[in-house]
Amino acid sequence: MDTKYLTRTIKKEKLTSSHLEETKDIHVYLPPDYDDSISYPLLILHDGPDYLNLGRIATQANQLLSQNEMVPVVIAFVPVDKMKRTAQYSPTRELHEAHKLMIVEELLPLMQERYSVDTATDKLVIGGSSLGGTASLHIALEYPEICNRVLSQSGAFLEQTVHDLSRVYSLQFLEIYQSIGLSETAIETHMGTLDLVARNREVHQILLEKRAHVAYHEEEGDHTWGFWQRELPRALKFFFPTN
């Protein structure tokens, strides 16, 4: 492997959000040979530090790039205070609207200003695991003209998610990578015990009925970073293919 792929380039930006009334440290992955004269697709990830450290996504992206299995991409890792996570990520909680506005009105302009990113709807992906996947889907439902590509690993979808999907006439605009581990049938959360397998199947069926473009994967796995890390390369190759 070329040695340039062995080094991760991670920048740090401070985002002061008026919507959430807090400051977030946004870490940004740049691909090897990053060039300001080139526009790169942008991936925004909820639970950003976990994706960076536990998901090892920067290392995995470099490896895929070295093998010419994906195109270069810029990744923004969005942190969250774990005490506020449910309030910000859950569509039924008090800070969810502010969180969506932070992503759309504050984070996206910051990334456009500081980095050479292409945020057209066919280049921008927003994603996360568990409730981070839920938040990502709800951003796409609220702002389809800005983001309509979603990465959801073990999405902790709620009744509100089902309701919001059901009231949309067509989801043909939506492209989603949806994965779930077959052991995720009784997951303890701040919102109670959830059968995420059953709920993901329900959501998947609605997505198909409303003509969303879905890459759906069920396989052995549980609600852990071991599972999400293992299947991340498949998601990256789905959204950022070389052909």
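# Notebook: loops, strands, cores and helices

I started with Glu21, which lies in the loop between strand 1 and strand 2. A reminder to myself: this is a predicted model.

**Glu21 and its hairpin.** I looked up the backbone of Glu21 and found a positive phi of about 55 degrees, although Glu21 is not a glycine. Is Glu21 buried or exposed? Its relative accessibility is 72%, and the cut-off for exposed is over 50%, so Glu21 counts as exposed. The hairpin around Glu21 has four residues between strand 1 and strand 2.

**Strand pairing.** Next I followed the two strands of that hairpin. Strand 1 covers residues 9-17 and strand 2 covers residues 22-30, and they pair in the antiparallel sense over nine bridges. I noted two facing pairs. Lys14 is opposite Asp25 of strand 2, and Leu15 is opposite Lys24, also of strand 2. Then I asked how many bridges join strand 2 to strand 4. There are three, and strand 4 (residues 74-77) runs antiparallel to strand 2. In that pairing, Tyr29 has Ile75 of strand 4 as its bridge partner.

**Ser130, another positive phi.** I checked a second loop, the one between strand 6 (124-129) and helix 5 (131-142), where Ser130 sits. Ser130 has a positive phi near 55 degrees and is a residue other than glycine. Its relative accessibility is 10%, so I put Ser130 down as buried. I also wrote down Asn68, just after helix 2, with a positive phi of about 55 degrees.

**The nonpolar cores.** Which residues have the most contacts inside the largest nonpolar core? They are Leu43 and Ile57, in a core of 27 residues. The elements giving two or more residues to this core are strand 3 (40-45), helix 1 (48-53), helix 2 (57-66), strand 4 and helix 8. Helix 8 gives the most, with seven residues. I then listed what Leu43 touches, leaving out residues up to four places away in sequence: Ile57, Val73, Val74, Ile75, Ala76, Val125, Leu236 and Phe240. Apart from this core lies another one, of 26 residues, and Leu15, Val78, Leu107 and Tyr143 are among them.

**Helix 2.** I wanted to know how covered this helix is. Seven of its ten residues are buried, so I call helix 2 mostly covered. The buried ones are Ile57, Ala58, Gln60, Ala61, Asn62, Leu64 and Leu65. They pack against strand 1, strand 2, strand 3, helix 1, strand 4 and helix 8.

**Helix 8.** I compared its span with what its length predicts. At 1.5 Å a residue, the 15 residues of helix 8 (residues 225-239) should span 21 Å, and the end C-alpha atoms are 20 Å apart, which agrees. I also looked for a bend and found one of about 40 degrees at Leu232, with the proline Pro233 following within four residues. Which residues of helix 8 are buried? My list reads Trp225, Phe227, Trp228, Glu231, Leu232, Pro233, Ala235, Leu236 and Phe239. For reading such a list, I keep in mind that an α-helix has 3.6 residues a turn, so residues three or four places apart point the same way.

**His96.** This histidine lies in helix 4 (residues 96-114). Its relative accessibility is 1%, so His96 counts as buried. Leaving out residues up to four places away in sequence, I found His96 touching Ala87, Gln88, Tyr89, Ser90, Pro91, Ala135 and His138.

**Tyr216.** My last stop was strand 11 (residues 213-219), where Tyr216 has its place. What does Tyr216 contact beyond its neighbours within four places in sequence? I get Gln178, Ile180, Asn200, Arg201 and His204. I checked the last of these pairs by distance too: Tyr216 and His204 are twelve residues apart in sequence, and their C-alpha atoms are 7.6 Å apart in space. Within strand 11 I also noted a polar contact of 2.7 Å between the side chains of Tyr216 and Glu218.

Terms used. Residues are numbered from 1 along each chain as its sequence is written. This is a predicted model: local features need pLDDT of at least 70, side-chain atom pairs count only at pLDDT 80 or more; totals for chains, interfaces and linings use all residues. Side-chain values use heavy atoms; hydrogens and water are left out. The expected span of a helix is 1.5 Å times one less than its number of residues. The bend at a residue is the angle between axes fitted to the seven residues ending there and the seven starting there. Buried means under 20% relative accessible area, exposed over 50%, partly exposed in between (1.4 Å probe, protein chains only). Contact means heavy atoms within 4.5 Å. A polar contact is a pair of N or O atoms within 3.5 Å; within protein, one must be able to donate a hydrogen and the other to accept it, and residues adjacent in sequence count only if both atoms are side-chain atoms. Two strands pair if DSSP finds at least two bridges between them. A nonpolar core is a set of buried Ala, Val, Leu, Ile, Met, Phe, Trp, Tyr and Cys residues joined through side-chain atoms within 4.5 Å.
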